[in-house]
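Trainee: Could you walk me through this model before I set anything up with it? I'd like to begin with the interior and then move outwards.

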Amino acid sequence: MSELAALWKFFAPGLAAGMILAAVCGALGVLVITKRVTFVGMALSEVAACGLAFGLLLLHHVEASMPVFAEAWGGAITMSAAVAATAVAVSILALASGARRISQDGVMGILFALAGAGSILLVSYSSFGLDEVKDLLWGNLLVAKPADLALSAAVLLPALLALIVFLPRIVLVFTDADLARLLGVRTKAWELAFFYALGVVAAVGSKVGGSLLVFAYLVAPSCAGLLLARRMGKAMLISSCIAAACTAAGLYLSVRFDAPASQLVIALLCLSPLAALGISRIGRI
Amino acid sequence: MNGLRNQGVAAAASIGDAAAGQPLAQCVNASFGYGRTPVLENVSLSVPRGVFWPIVGPNGAGKSTLLKGILGLLPPLAGEVKLNLGGNPPGYVPQGWKLDSIYPLTVGDVVLQGRFGHMAWHKRPDSGDVETARQALREVRLDGRWDMNYRDLSGGMRQKVLIARALCYSHSLICLDEPTSEVDKPSELDILEHLCRLRSEKNMSVLLVCHAIGAVFKYADTCLLVEHGEITVARGAMLGKIKESYV
């Protein structure tokens, strides 16, 4: 019993952080899918991972000269690097949206490739251990620390609240920007705010669970939610619940079968649209 | 007076102004275009109250450009556009397909979008907004469809939902971009009859861009012809000629 309690104590932060990440990305992902910017989610997750790699590299240099400062501010340094990287990526994408000779998709592809290569290059020049590199590149929800849980709660929950409050206006901007402009809504500002928020969520998510997990959270349960629901809010709620359920099941299976946690969660998430398709054939909610 | 070109357009419209007071929209030597390239130059046009004006012309002539210019979606490159709508924006009805059907929105959700101009940026629609939206839906005779999914509607019904959305915030001028381009014949007539009723019952002005203009001439005694960068208010015999050449 005491062994179980010790296990629970060890895995509880990861489970709680995963649940928060699942709820937020699940809801946000419905807008990512409906706006047809799936690749943005993928590119931002990869850019966030690259930012984390840069932050860790920076941290190792700081540790050598200022170990006390690095100990106290290490998390903030890596997180700031990831958030800054996603903010730069969103700004580049915003600038590219007016380009006539190249598509925004093309720019996203370049950012994705650059960030993927950049992460590997940065870790190859670092003195990271193998586990550190694996956690950075592929994430490991199971070993999330209480600090990760606090970070998730502090950043992701306000993002979810903002999404709920502003949902009708965001949907207006995304569905009919011309009408929104006529009604005095600053469409560019709202779009930028959405993508910056997505960048911050991707940065936090990548630190806690890895970039691939964030991307899967944004895409897979959202597709399931859209297959099952006939209202935006309901689709988001279903998507969040599916993501949270897959997280709990994935972490349990990971402990039970000693398998990588994030990858198990991703596998379950990717099965959810298939299950939703089957259910939607029987009768829509 | 059969037709008036360029600077004569304002004069033509002024006949309507005398009867209906101040024009609802006025372009004064306005040029509209994309980037720095004008598509339409020196447009002088007054839209009085209570008119039903189809905007016709060949592909690429600038029909939609003119409509967007009047709406204020395309700022004039030169000149100015004056709106006299009591502080409300002009009603805008895009083509039904422009609202991506991937969004799981009900008819009520879509019509309520027309109320956002009246709300603070952090507010949601209240019961008053819902009642206004339901009333607008009743006006296009779709009051039983509030909870239906927008994507499950026919092309004609979608168009009427978007007209209802425009009625939520605009009470004097409504501008439509090819409202009948993707609907069958009965739906086309139904939409045009609804628009005519807005003019006759509410004294609203209706401007609609038409690509295929067959049925619209049954309802219009005047149209705006956009051709070779010029805008002509066509009536009478000229309208007949346009009908012959475009139908």
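Mentor: Gladly, and keep in mind that this is a predicted model. The largest nonpolar core has 167 residues, and those with the most contacts inside it are A:L31, A:Y217, B:F52, B:L66, B:I163, B:I174 and B:L195.

Trainee: Which helix gives the most to this core?

Mentor: That is helix α1 of chain A, covering residues 2-34, which gives 13 residues to the core. There is also a second, separate core of five residues, and A:L56, A:L59, A:V62 and A:I77 are among them.

Trainee: Back to B:I174 for a second, what does it touch?

Mentor: Setting aside residues up to four places away in sequence, B:I174 touches B:G91, B:V93, B:I163, B:A166, B:L167, B:L198, B:M204, B:S205, B:V206 and B:L207. One of these, B:I163, is also listed with B:I174 among the residues with the most contacts inside the largest core.

Trainee: OK, switching to whole chains. How many helices and strands does chain A have?

Mentor: Chain A has eleven helices and zero strands, so its pattern along the sequence is simply one α after another, α-α-α-α-α-α-α-α-α-α-α. Its radius of gyration is 19 Å, close to the 19 Å that the globule rule gives for 285 residues, so chain A is as compact as a globular protein of that length. Along the principal axes, its C-alpha atoms fill a box of roughly 55 × 45 × 30 Å.

Trainee: And what about chain B, how many helices and strands there?

Mentor: Chain B comes to seven helices and ten strands. A compact globule of 247 residues would have a radius of gyration near 18 Å, and the 18 Å of chain B agrees with that. The C-alpha trace of chain B spans about 50 × 40 × 35 Å along its principal axes.

Trainee: How much of each chain's surface is carbon and sulfur?

Mentor: Chain A exposes about 13100 Å², with carbon and sulfur atoms supplying 71% of it, whereas chain B has an accessible surface of about 10100 Å², of which 48% belongs to those atoms. As for burial, buried residues make up 50% of the 285 residues in chain A and 53% of the 247 residues in chain B.

Trainee: Charges next. How far apart do the centres of the positive and negative sets lie in each chain?

Mentor: In chain A, which has 18 positive and 13 negative side chains, the two centres lie 16 Å apart. In chain B, with 26 positive and 24 negative side chains, the centres lie 1 Å apart.

Trainee: I've also flagged B:T106. Is it buried or exposed?

Mentor: B:T106 is buried, because its relative accessible area is 4%, and the cut-off for burial is under 20%. B:T106 lies in the loop between β6 (91-93) and α3 (107-112) of chain B. Leaving aside neighbours within four places in sequence, its contacts include A:R230 and A:R231 from chain A, along with B:W146, B:D147 and B:Y150 from chain B.

Trainee: Last thing, the backbone. What is phi of A:R36, and where does that residue sit?

Mentor: Phi of A:R36 is near 60°, a positive value in a residue other than glycine, and A:R36 is placed in the loop between α1 and α2 (38-65) of chain A. At 54% relative accessibility, A:R36 counts as exposed. B:N203 has a positive phi too, of about 55°, although it is not a glycine; B:N203 sits in the loop between α6 (185-202) and β8 (205-209) of chain B and counts as partly exposed at 38% relative accessibility.

Terms used: Residues numbered from 1 in each chain as written. Chains lettered and ligands numbered in written order. Predicted model: local features only at pLDDT ≥ 70, side-chain atom pairs only at ≥ 80, totals over all residues. Heavy atoms only, no water. Helix = DSSP H or I, 4+ residues; strand = E, 2+ residues; numbered from the N terminus. Rg over C-alpha atoms; globule rule 2.2 N^0.38 Å. Buried < 20%, exposed > 50% of the residue type's maximum accessible area, 1.4 Å probe, protein only. Areas by Shrake-Rupley, 256 points an atom, 1.4 Å probe, with all protein chains shown as cover. Lys, Arg positive; Asp, Glu negative; His and termini not counted. Charge placed at Lys NZ, Arg CZ, Asp CG, Glu CD. Core = buried A, V, L, I, M, F, W, Y, C linked by side-chain atoms within 4.5 Å. Contact = heavy atoms within 4.5 Å.
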